[in-house]
Every structure is written in C-alpha cells, then in structure tokens.
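Let's work through a few exercises on reading a protein structure. Have the sequence and the 3D view open, try each task yourself, and then follow the steps.

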Amino acid sequence: MSADSTPYTLDEIDRQLIAATQAGLPRVSRPYHAVADELGLTAADVMARLQRMLEAGVIRRIGAVPNHYKLGYGANGMTVWDIADADVAAAGAEVGALPFVSHCYRRPRHLPLWSYNLFAMVHGKDRDEMDHQVMEIARVLGERSRGHEVLVSTRILKKTGLRIAA
Amino acid sequence: MMAAALDTIDRDIINLLQGGFPITETPYADTAERLGVPEAELMSRIDHLLEDGVLSRFGPMYHAERMGGALTLAAMAVPDERFDAVAEQVNARPEVAHNYARAHDLNMWFVVATEAPERIDEVIADIEADTGLSVYNMPKLEEFFIGLRFEA
C-alpha cells in the first residue's frame, strides 16, 4: 500500500458531515453554512473539514457527476482483456492513458468461467465510435492480449454512489 | 435512453462543474460569475439538470477506501425471466452503489461499497442467499491512471 492510500481517520463530526452531504449540496447561496446550521457547526469548521478531506483524497472532488447516457454517450462498453500476469501492469498503464478510457483496473480471474484480468471502460457517442476505441486498445496491447470481450451496458439499474450511515 | 436537449449554458455548467465546485462562502455566485450567468439561474439550471437526470449527483464525491471502507465490482448470471426481480433484490441493499445490466452471460454488474472491509464478503453472501445465484467478486487489484471527463 502506498503512502497516499493510507486511510484517513474520520472523527464523529466528519462522519456527520459526510452523511449530511453525500446525497448532494443544497441549492442555497451559502450551502456550507446551511450544512453547518443543520449539524450545529460553524461554517468555517465545515469548510475546513471539507478542504482537509479533499486534500487527503477522502473526497475525490466536489462537483457534478453527469449521466453520460444523457450527454449522448449511447455506446458504453466494459472492455475486458486476458493479459499474462507478468505483462498486465505495463499494459494497464498504457490502456489507462488512452483519452477515451474512463476507468482501468486489474481484477482477478474466475477460471474457467472468466479469464479476463484487465478492465477498461470506454464511451462512444455511437457503436461505431466505441468499436474504434476497442480496436485502438487492441492495437496498443498487440500480442499481449490473449483474448477480449466487450460488455455493452444495456440499462442503468442503480446509480446512487456511496452511502454511509451517520 | 435519448440524449437530453441542452443549450450552451447547460453544457458550460456541466463541463465546468465536473472539474470542481469551490469551497467558499458563496460557491454558486463564484461559479456563476465564471460562467457569466446570474447565481439564481445557475442554481435553477442545476436543479433542472438533476431533475432530468442529466446530472446524477452534485456535491462531494467520497472515496471509500480512503475513508477506511472498501469497494468491489461483482457480477452475476441472472436468468432473463428473473432479471427485474433480482435487480430489485440487489438494489435494495444500501451497500450497492451502482448496478448495470450488460449484454453477456454475466449480465448484472454491480459495485458494493461498505464502511468496514469485512462487510463486503457478508453483503455478497447475503445477495447469494437472497437470490440463490452465484456472485463473482472482482475487487480491483490495481488502478491505472484515469482522467476522462465527459464533454457535454
């Protein structure tokens, strides 16, 4: 585990702040003050805690998450690749750097059912654009790929993000 | 799902807000000024984008592992005639953060996020007990650099 992935220790107030904000920020001029009022804290404390959690990586970012389907990205594929274990770290770094790849991970195989150990999510406006993205990954991987599949998402069944209890 | 009808201001809002929302006294006013729109208009447009589902969330994105929690990706092969019922059983668990239908024998793929890492195995066992189906756990072993934003 690298130094930057050391878990950040949350205190009780951090946990209350997370519970109060994980579903979103309110649409009022001073949203951090509104959250502070709700929790009986000062706005300065709320803002300082959010800033600390942002710097520690507990908060990845504060902002908007679009539903990419609604932005016209209608062809979304989870591409999965069977790469020799010795090659997968280098291959993953190359695939993750491609501009159209939104997530890239090494994951375990479940043999004999599932032989794929490298996952890369790709997103195209249409099937043709996505197919070209898959071809580009295949070109980058070359003979290191021993097989691949593209699992196209057909429906979002749930998308709420992380929830923790207060 | 059809793409939403968005005007230039909506697109600017989506593109800017994916990059971050400030921690300031008046973050909407500060963001509105950068966009060149009134604060009230920015707030009502964000409300509409959320209502229409163009934005799925707006606020802090918490990182499970850095909070001491855990995340995993899991997959199931669900018979077609049971698909919606099983989706309901899986989605009913608050630890299931995302769930996608995918065209494959393994046709349901979901993310489980828990505060305590040992809860992951319990949630998976519970889903197997609820549904009578095998759940294939595929936790990430390594994360490669990512930087994509969706251009609206």
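Below are four exercises, each with a worked solution.

A quick note before you start: this is a predicted model, where local features need pLDDT of at least 70, side-chain atom pairs count only at pLDDT 80 or more, and totals for chains, interfaces and linings use all residues. Residues are numbered from 1 along each chain as its sequence is written, while chains are lettered from A and ligands numbered from 1 in the order in which they are written.

**Exercise 1. Describe the build of chain B: which elements does it have, and how spread out is it?**

Step 1: List the elements. Chain B has 5 helices and 6 strands; helices (H or I, at least four residues) and strands (E, at least two) are DSSP runs, numbered from the N terminus. In sequence order the pattern reads α-α-α-β-β-α-β-β-α-β-β.

Step 2: Check the spread. The radius of gyration is taken over C-alpha atoms, and the globule rule is 2.2 Å times the number of residues to the power 0.38. For the 152 residues of chain B the rule gives 15 Å, but the chain has 19 Å, well over that value, so chain B is more spread out than a compact globule. Its C-alpha trace spans about 55 × 35 × 25 Å along the principal axes.

Step 3: Look for domains. Chain B is divided into domain 1 (8-51) and domain 2 (65-138), with bounds that come from an automatic or database domain assignment. The C-alpha centres of these two domains of chain B are 34 Å apart.

**Exercise 2. Now do the same for chain A: what is its pattern of elements, and what is its radius of gyration?**

Step 1: Chain A has 5 helices and 5 strands, and they run α-α-α-β-β-α-β-β-α-β from the N terminus on.

Step 2: The radius of gyration of chain A is 20 Å, where a compact globule of 166 residues would have one near 15 Å. Along the principal axes, the C-alpha atoms of chain A fill a box of roughly 60 × 35 × 25 Å.

Step 3: Find the cis peptide bond. The bond from A:Leu111 to A:Pro112 is cis, with omega near 0 degrees. A:Pro112 is in the loop between E3 and strand E4 (118-124) of chain A.

**Exercise 3. How many residues does each chain bring to the contact, and which strands pair across it?**

Step 1: Count the residues. Chain B brings 63 residues and chain A brings 67; two residues are in contact if their C-beta atoms, placed from the backbone, lie within 7 Å.

Step 2: Find the main supplier in chain B. E1(B) gives the largest share of the side that touches chain A, 8 residues.

Step 3: Look at the strands. Strand E3 (residues 101-106) of chain A pairs with E6(B) in the antiparallel sense over 2 bridges; strands pair if DSSP finds at least two bridges between them. In E6(B), B:Glu142 is the bridge partner of A:Arg106.

**Exercise 4. Where does A:Arg27 lie, and which residues does A:Arg27 contact?**

Step 1: Place the residue. A:Arg27 is in the loop between helix H1 (12-21) and helix H2 (31-39) of chain A.

Step 2: Judge its exposure. With 16 other C-beta atoms within 10 Å, A:Arg27 is partly exposed; a residue is buried if 20 or more other C-beta atoms, placed from the backbone, lie within 10 Å of its own, exposed if 12 or fewer, and partly exposed in between.

Step 3: Name the contacts. Leaving aside neighbours within four places in sequence, A:Arg27 is in contact with B:Met43, B:Ile46 and B:Asp47.
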